Amino acid sequence: MQSYGVTEWGKPLQQIVRETPAPGPNEVLIRMSYCGVCHSDLHVRQGYFDMGGGVKNSLADRIPLPVVLGHEPIGVVAAVGSEVSGVPVGATYLVNPWIGCGKCPVCLQGQDNLCERMTSIGIVRPGGFSTHLMVPDKRYLVDVAGLDPARAAVLACSGVTAYSAVTKLGPPLPGHWIAVIGCGGLGLIGIAILRALGYTEVIACDIDDSKLEAARAAGAQKVLNLQRGGGKELVAMARGGLSGMIDFVGAPSTSALAVPGLRKGGRFVTVGLIGGTGTFPLVALALREIALLGSAMGNTAQIRELVELVRSGRLTLPAVQVRPLSQAEESLQALEAGQVTGRIVLDTQTPAG
Ligand SMILES: [Zn+2]
Ligand SMILES: [Zn+2]
């Protein structure tokens with residue numbers, strides 16, 4: 001098998017060739033078809049996440065090299081372990097990359113993403129920038145028959161991350177608005193998911209007019225350029241009815257919109273990892289019953305719900321740019337340089353010679 005991974009922190013990805021392993025009793029070997037390229041792959045390559053305020057969450061201290069990147073994998077079953085039933089060789093599956101311990105109370109409820117011992121495919125375990133991928137258990141497989149596999153890859157990280165954030169809002173109510181802050185890839189799929197789930201009143205916020213145009217196309221009714229307005233303008237646009245905000249930026253300036261913007265009982269869901277510290281007037285949080293919620297990734301059941309939403313025709317998967325696996329490093333560099341519109345998906349079926 002051929003993979004692309006980090007062999008030295010902060011350095012370009014290298015090609016890694018090794019023998020394809022045989023699955024253990026509960027494992028499933030996938031012959032990869034496509035793998036999405038995520039912004040967090042850049043953080044993994046550099047060896048740390050910037051937690052803001054000069055604090056770094058180091059991966060280099062706890063993850064041995066090499067690290068094969070890729071946590072939006074989709075592919076075809078090549079072989080299964082002796083204990084695996086009901087997973088036919090040749091079937092196409094999307095893989096949930098967020099892997100819990102499988103034994104604790106939250107894992108037993110299928111909420112692997114809340115496991116304190118969570119690991120992940122493409123960060124801790126070998127990932128999908130590869131011709132083959134070993135999945136530890138069939139419960140991480142999601143049947144995607146009928147979906148375009150290149151587009152469906154993004155459901156494993158960016159799709160489920162946006163979906164999980166939307167499910168933390170209250171139900172859609174007439175006259176109640178939702179603001180989406182940050183209209184990059186996550187924000188755009190977030191807006192499409194909101195519309196698919198019946199939230200008809202959505203305000204998109206960004207500092208880039210071209211992204212706001214894309215947000216309108218994704219289904220936002222109103223847009224606000226945050227360089228020209230803030231909480232006061234949000235209140236006016238929603239006529240005081242802003243009941244939810246999803247912050248896909250996650251900076252002090254965006255979290256500061258929560259209290260002035262939201263109506264009573266409003267929910268502020270923070271997802272973005274720009275970092276820093278938010279400050280909130282506590283009396284206003286209490287008296288106006290405003291909830292602050294964090295959201296990260298999602299679980300297998302949520303990915304399945306998302307796939308159903310696509311199958312029902314209510315959610316259209318965004319277009320992607322497909323590149324060969326051998327361009328994994330070039331793709332990361334393009335992402336780093338801000339030259340990518342929409343998601344890059346690597347075609348892992350045509351390895352370099
Ligand atoms: Zn990701
Ligand atoms: Zn667990």
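**Strands, helices and two domains in a predicted model**

Within strand E12 (141-143), the residue that bridges to Val-95 is Leu-141. This is one detail of a predicted model, and it makes a handy way into the strand pairing around strand E8 (92-95). E8 and E12 run antiparallel and are joined by three bridges. E8 also pairs with strand E7 (residues 73-80), again in the antiparallel sense and over three bridges. Here Ile-74 has Leu-94 of E8 as its bridge partner.

A separate bit of strand pairing involves E1, E2 and E6. These three strands make up an open sheet, ordered E2-E1-E6, with antiparallel pairing. Strand E2 (14-17) and strand E6 (67-68) sit at the edges, each pairing on one side only. Between strand E1 (residues 2-6) and E2 there are four bridges, in the antiparallel sense. As for a specific pair, Gly-5 finds its bridge partner in Gln-14 of E2.

Stepping back to the whole chain, the secondary structure adds up to twelve helices and 20 strands. The radius of gyration is 20 Å, close to the 20 Å that the globule rule gives for 353 residues, so the chain is as compact as a globular protein of that length. The C-alpha trace spans about 60 × 40 × 40 Å along its principal axes. Some 44% of the 353 residues count as buried. Looking at contacts between residues at least 6 apart in sequence, 71% join residues at least 24 apart.

The chain splits into two domains: domain 1 takes in 2-157 + 298-347, while domain 2 covers 162-294. Their C-alpha centres are 28 Å apart. Where the two meet, 15 residues of domain 1 are in contact with twelve residues of domain 2. On the domain 1 side, strand E4 (48-50) and helix H11 (300-311) each put in at least two residues. H11 gives the most to that side, with three residues. Sorted by type, the domain 1 residues that touch domain 2 come out as six nonpolar, six polar and three charged.

H11 itself is worth a closer look. This helix has twelve residues and reaches 17 Å from first C-alpha to last, close to the 16 Å expected at 1.5 Å a residue. Its buried residues are Thr-300, Gln-302, Ile-303, Leu-306, Val-307, Leu-309 and Val-310. The cover over these buried residues includes E8 and E12, the strands met at the start, along with helices H4 and H5. Just after H11 comes Gly-313, which takes a positive phi of about 90°.

That leaves H4 (residues 158-166), a helix with nine of its nine residues buried, so H4 is largely enclosed by the rest of the structure. The buried run goes Ser-158, Gly-159, Val-160, Thr-161, Ala-162, Tyr-163, Ser-164, Ala-165 and Val-166. What do the buried residues of H4 pack against? Two helices are among the partners, namely helix H5 (185-196) and H11. The strands that H4 packs against are strand E16 (242-247), strand E17 (267-270) and strand E20 (343-347). H11 and H4 therefore turn up in each other's surroundings: H4 helps to cover the buried residues of H11, and the buried residues of H4, a helix largely enclosed by the rest of the structure because nine of nine residues are buried, pack against H11 in turn.

Key
Residues numbered from 1 in each chain as written. Chains lettered and ligands numbered in written order. Predicted model: local features only at pLDDT ≥ 70, side-chain atom pairs only at ≥ 80, totals over all residues. Domains from an automatic or database assignment. Contact = placed C-beta atoms within 7 Å. Nonpolar A, V, L, I, M, F, W, Y, C, P; charged D, E, K, R; others polar. Pairing = 2+ DSSP bridges. Buried ≥ 20, exposed ≤ 12 C-beta atoms within 10 Å, placed from the backbone. Rg over C-alpha atoms; globule rule 2.2 N^0.38 Å. Expected span 1.5 Å × (residues − 1).
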